[in-house]
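Thanks for sharing this one. Here are my notes, set out as numbered points so that you can follow them with the structure open beside you.

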Amino acid sequence: PDADTINLGDSYTLTGPGPGPLGNYDYLWEDETDSIANTQTHEVTPDTATQYYLTATNPYGCPAIDSITVNIHQLNIDLGDDREICSGETDTIFGPTNMTQYQWYRNNSPVGTNNYIVITPTENNEVYKLSVTDQYGLTDTDSLTITLLLLPEADINPQDSTIILGDTLGLSGPINSSYNYYWSLGIDSLSVESSISVNPDEDQLYHLQVTGLHGCSSKDSTMVYVHWLPLDLNQDTDICFGDSVLLEAPINMVEYIWSNSDTIIDTIADTYAKPTSTSYYFLEITDSIGASAYDSVKITVLPVPTVDLGPPETLIILEDSIALYGATDATSWIWYKDTYMHDTDTNLVDWPVNNPTQYIHIATNDDGCSSSDSITVNVHSIVLELDQDTVEICNGDSALLIGPSGMLTYYWYYEGDT
């Protein structure tokens, strides 16, 4: 053949033609630079592709020349330079393609048989070696060493904190002049400084990425909880003049301050308010964390009907009548005579009154506000009894008739005459 191929390190036998009809030939083998043999066959072990020339001369001195190129097949795999990898990261090492056999080793322990291997080193200076065999049966190996780079610290201080709504919290990473910092909130970039100040209005998760001198990065995150104190004294309220209303606050606070204008009126959770005119009441509370809240409520004082039956007691003569006048600024009226409802008119005229009686008047206006008053009507009567029904005297004598004492006027009658 004009060319042939051998594996690097193998020998190849160069073979010339055998004796011809005219006798034996003289042989001369030459490579690209020198004469190397004068035999019919010659064994060579080239380490590079080499062209060999043969000159065969018959007994008549006539030469014939031919050549053959011996190509060298060699297998040299290269996994590349040693590598550096950040702790915890993953890398892939690729071997040559189209081999018939692969065997990977990690620190001399078999770990894979593909043309590549995915690594996550856990120790410094781990050695990864690949041994391959090609289609000609040649084998070769190569290895590389992995230097494991330590990660920078990325601890956020403080961790998972609670702040009061409106307050500001400082977050700081580790201090190192060789570090690069990247603070973020969700997809938003916040800062590239070693520390930041935050004042969220709701719970937020903050992230910090720290990159060291060799490009390795570490991450940390911290939760900032926002504490706020809700306070709602509910709707403003109306009360009737003279009434009171219970003002209620949330329980389990450490401080309560009830005030009316600039005056503190109570320091307990629930308090009663009894304003005489429309007023605002204010409450400030503080919880155990230190959060405060403030709210107010308006109390509108509604007028009540004007009910005035006069002095609490009065005196009338037996069987006389009594006239009582109810509130003129009301829309409904109830009169009680002792314990019984007696009338629903505005005014009351009762006749005759023979016994002491208590009258109670309740008047209600359109706002539903009521007021009442009462009067006790005492009955005055005179029981007149002379000592004797009949007095006998002698003709010409006189008799002393004695009436009751303490009267304002006295009228004596004699058979119809005064």
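1. Let me begin with one residue, bearing in mind that this is a predicted model. Ile-239 has a relative accessible area of 7%, and because buried means under 20%, Ile-239 counts as buried. You will find Ile-239 in strand β22, which covers residues 237-240.

2. What does Ile-239 touch, not counting residues up to four places away in sequence? The list is Val-245, Pro-275, Ile-299, Thr-300, Val-301 and Leu-302. For one of these, the separation is worth a look: Ile-239 and Thr-300 are 61 residues apart in sequence, yet their C-alpha atoms are 6.2 Å apart in space.

3. Next, the nonpolar cores. The largest one has 20 residues, and those with the most contacts inside it are Leu-247, Leu-283, Ile-285 and Ile-299. At least two residues of this core come from each of β23 (245-247), β24 (255-260), β27 (279-286) and β28 (292-302). Strand β28 supplies the largest share, four residues. As a general remark, nonpolar side chains in soluble globular proteins tend to be buried together.

4. Ile-285 deserves a closer look. Setting aside neighbours within four places in sequence, Ile-285 is in contact with Leu-229, Leu-231, Pro-250, Met-253, Glu-255, Tyr-256, Ala-291, Ser-292 and Ala-293. Apart from the core just described lies another, of 17 residues, which includes Ile-77, Tyr-102, Ile-119 and Ile-146.

5. Now to the sheets. One open sheet has five strands in the order β1-β7-β6-β3-β4, with mixed pairing. Strands β1 (3-7) and β4 (35-37) stand at its edges; each has a single partner strand, so one side of each is left without a neighbour in the sheet. Neighbouring strands here are turned by 30° against each other on average, direction ignored. Within this sheet, β1 and β7 run parallel and are joined by five bridges; Asp-4 has Val-70 in β7 as its bridge partner.

6. Strand β7 also matters for the second largest pocket, which has a volume of about 250 Å³. This pocket is lined by 19 residues, and the closest to its centre are Thr-15, Gly-16, Trp-29, Leu-54 and Asp-66. Two or more lining residues come from each of β2 (12-15), β6 (50-57) and β7 (63-73). Which element gives the most to this lining? That is β7, with five residues.

7. A second open sheet, also mixed in its pairing, has five strands in the order β15-β21-β20-β17-β18. Its edge strands are β15 (161-164) and β18 (188-191), each pairing on one side only. On average, neighbouring strands in this sheet are turned by 30° against each other, direction ignored.

8. Strand β20 can be followed on both of its sides. Strand β17 (residues 180-185) runs antiparallel to β20 (residues 204-211), and five bridges join them. In this pairing, Tyr-182 has Gln-209 as its bridge partner, and Ser-184 stands opposite His-207. Strand β21 (residues 217-227) is also antiparallel to β20, with eight bridges between them. His-207 turns up again here, opposite Ser-221 in β21. The hairpin of β20 and β21 has five residues between the strands, and Gly-215 in that hairpin takes a positive phi near 90°.

9. Strand β10 (residues 101-106) likewise has two pairings to trace. With β13, the pairing is antiparallel over six bridges, and Arg-106 has Tyr-128 in β13 as its bridge partner. With β11 (residues 109-112), the pairing is antiparallel over three bridges, and Arg-106 stands opposite Ser-109. Strands β10 and β11 form a hairpin with two residues between them, and Asn-107 in the turn has a positive phi of about 50°.

10. Finally, a residue of β13. Thr-133 lies in this strand, which spans residues 126-133. Is Thr-133 buried or exposed? Its relative accessibility is 16%, and because the cut-off for buried is under 20%, Thr-133 counts as buried. Beyond its neighbours within four places in sequence, Thr-133 is in contact with Met-99, Thr-100, Gln-101, Leu-138 and Thr-139.

Note on methods: Residues are numbered from 1 along each chain as its sequence is written. This is a predicted model: local features need pLDDT of at least 70, side-chain atom pairs count only at pLDDT 80 or more; totals for chains, interfaces and linings use all residues. Side-chain values use heavy atoms; hydrogens and water are left out. Two strands pair if DSSP finds at least two bridges between them. Axes are lines fitted to C-alpha atoms, for helices over the stretch in contact, and angles run from 0 to 180 degrees between N-to-C directions. A nonpolar core is a set of buried Ala, Val, Leu, Ile, Met, Phe, Trp, Tyr and Cys residues joined through side-chain atoms within 4.5 Å. Buried means under 20% relative accessible area, exposed over 50%, partly exposed in between (1.4 Å probe, protein chains only). Contact means heavy atoms within 4.5 Å. On a 1 Å grid over the protein atoms alone, a cavity is a set of points where a 1.4 Å probe fits but cannot get out, and a pocket is an open set with protein on both sides within 12 Å along at least five of seven lines; lining residues have an atom within 4 Å of a point. Grid points are joined across faces, edges and corners, and a volume is the space filled by probe spheres set on the points.
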